[in-house]
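Let's walk through this model together, with the sequence and the coordinates side by side. The report below starts with charged side chains and then moves on to strands, core and surface.

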Amino acid sequence: MKHEFAYEEAQRHLRQRNRFAALAAVLGLTSLLAVGAATTREESVILVPVTSERLTLGSDATDAYYLELVTRDTALMLLNRAPESLDYWMEQVLKVADPAAHGRLKAELVKIVEEQRGSDISQAFVISRMEVDPQALTAVVTGTLKTFVGAQVIASQQRSFAFSWKRRGLSLGLTGFRQLPNENEEEDQ
């Protein structure tokens with residue numbers, strides 16, 4: 001009797017082990033398929049609309065229109081400033097900075113803040129055109145840069161600024177910006 005009971009018990013444990021082995025195999029295969037699908041699938045993110053057009057950013061390349069929108073917003077944020085908002089201004093510009101360029105950009109922004117703090121000088125920039133290169137992740141923004149002392153305009157000049165970007169995953173980070181020389185400045189050199 002004990003022998004039959006032990007045999008039945010062993011058979012029950014064997015069937016239970018086989019069911020667990022089959023379940024583990026199915027779960028392993030499912031996990032393998034999910035990982036494979038996740039690594040080969042093209043990534044895309046639907047962006048919050050800042051325009052009437054719907055934008056998506058894929059993992060393969062940066063869309064020229066998206067680069068233009070990001071550059072436009074960054075240029076307006078960077079080139080419109082007043083002494084009362086310098087700390088906030090610098091904080092916002094650094095939020096769009098690429099982590100690798102953060103220190104260098106902060107050093108440039110600190111120079112601007114120290115130069116402008118305590119003065120009554122503000123500036124405003126009005127964009128007239130933009131050229132973007134999505135392969136090189138660069139953009140040139142041209143427009144009118146107005147300088148104010150108090151409420152009076154003391155200078156209004158046509159200026160161009162170059163912006164460079166770096167892609168990290170699905171986001172863009174600002175790696176640099178500079179003012180380009182005007183045509184008449186190039187002739188003088």
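## Salt bridges

Arg-72 is partly exposed in this predicted model, with a relative accessibility of 28%. Its salt-bridge partner is Asp-73, and the closest N and O atoms of the two lie 2.9 Å apart. Asp-73 is partly exposed as well, at 37% relative accessible area. Side chains of opposite charge can pair when their charged atoms come close.

How many salt bridges does the count come to? The total is five, and two more of them are worth a visit. Arg-12 pairs with Glu-9, with 2.4 Å between the closest N and O atoms. These two residues sit three apart in helix α1 (residues 2–40), so about one helical turn separates them. Arg-12 has 42% relative accessibility and counts as partly exposed; Glu-9, at 25%, is also partly exposed. Arg-129 and Glu-131 make another salt bridge through their side chains, at 3.7 Å from N to O. Here too both partners are partly exposed: Arg-129 has a relative accessibility of 45%, and Glu-131 has a relative accessible area of 47%.

## The overall layout

Stepping back, the protein has five helices and six strands. Along the sequence they follow the pattern α-β-β-α-α-α-β-β-β-β-α. Of the 189 residues in the protein, 29% are buried.

How do the contacts spread along the chain, and what share of them joins residues at least 24 apart? Among contacts between residues at least 6 apart in sequence, that share is 48%.

## Two hairpins in a row

Strands β4 (residues 138–149) and β5 (residues 152–168) run antiparallel and are joined by twelve bridges. One pairing to look up in the viewer is Thr-147 with Ala-155, its bridge partner in β5. The two strands form a hairpin with two residues between them. In that turn, Gly-150 has a positive phi of about 65 degrees.

From β5 the chain continues into a second hairpin, with β6 (residues 171–180), again with two residues between the strands. Nine bridges join β5 to β6, and this pair is antiparallel. Arg-168 has Ser-171 as its bridge partner in β6. The turn holds Gly-169, whose phi is positive at about 65 degrees.

Strand β5 also contains Arg-159. Is Arg-159 buried or exposed? Its relative accessible area is 8%, under the 20% limit, so Arg-159 counts as buried. Arg-159 and Asn-182 are 23 residues apart in sequence, while their C-alpha atoms are 6.7 Å apart in space.

## The nonpolar core

In soluble globular proteins, nonpolar side chains tend to be buried together. In this model, the largest nonpolar core has 27 residues. Which residues have the most contacts inside it? They are Leu-78, Trp-89, Leu-109, Phe-163 and Trp-165. The elements that give two or more residues to this core are the helices α2 (64–79), α3 (86–95) and α4 (102–116), together with the strands β4, β5 and β6. Helix α2 supplies the largest share, with six residues.

Phe-163 is a handy place to center the view. Leaving aside neighbours within four places in sequence, Phe-163 is in contact with a list of residues that includes Thr-71, Thr-74, Ala-75 and Leu-78. Leu-137, Thr-138, Ala-139 and Val-141 are also among the contacts of Phe-163, as are Leu-174, Gly-176 and Phe-177.

## The surface

The protein exposes about 12600 Å², and carbon and sulfur atoms supply 55% of that area. Which residues make a nonpolar surface patch of about 320 Å²? Phe-20, Leu-23 and Leu-27 do.

Phe-20 belongs to helix α1. Its relative accessibility is 53%, just past the cut-off of over 50%, so Phe-20 counts as exposed.

Technical notes:
Residues are numbered from 1 along each chain as its sequence is written. This is a predicted model: local features need pLDDT of at least 70, side-chain atom pairs count only at pLDDT 80 or more; totals for chains, interfaces and linings use all residues. Side-chain values use heavy atoms; hydrogens and water are left out. Two strands pair if DSSP finds at least two bridges between them. Helices (H or I, at least four residues) and strands (E, at least two) are DSSP runs, numbered from the N terminus. A salt bridge is a side-chain nitrogen of Lys or Arg within 4 Å of a carboxyl oxygen of Asp or Glu. Buried means under 20% relative accessible area, exposed over 50%, partly exposed in between (1.4 Å probe, protein chains only). A nonpolar core is a set of buried Ala, Val, Leu, Ile, Met, Phe, Trp, Tyr and Cys residues joined through side-chain atoms within 4.5 Å. Contact means heavy atoms within 4.5 Å. Patches are made of residues with over 30% relative accessible area and no salt bridge: like charges are joined within 9 Å, nonpolar side chains (Val, Leu, Ile, Met, Phe, Trp, Tyr) within 5 Å. Accessible areas come from the Shrake-Rupley method with a 1.4 Å probe; for residues, only the protein chains shown count as cover.
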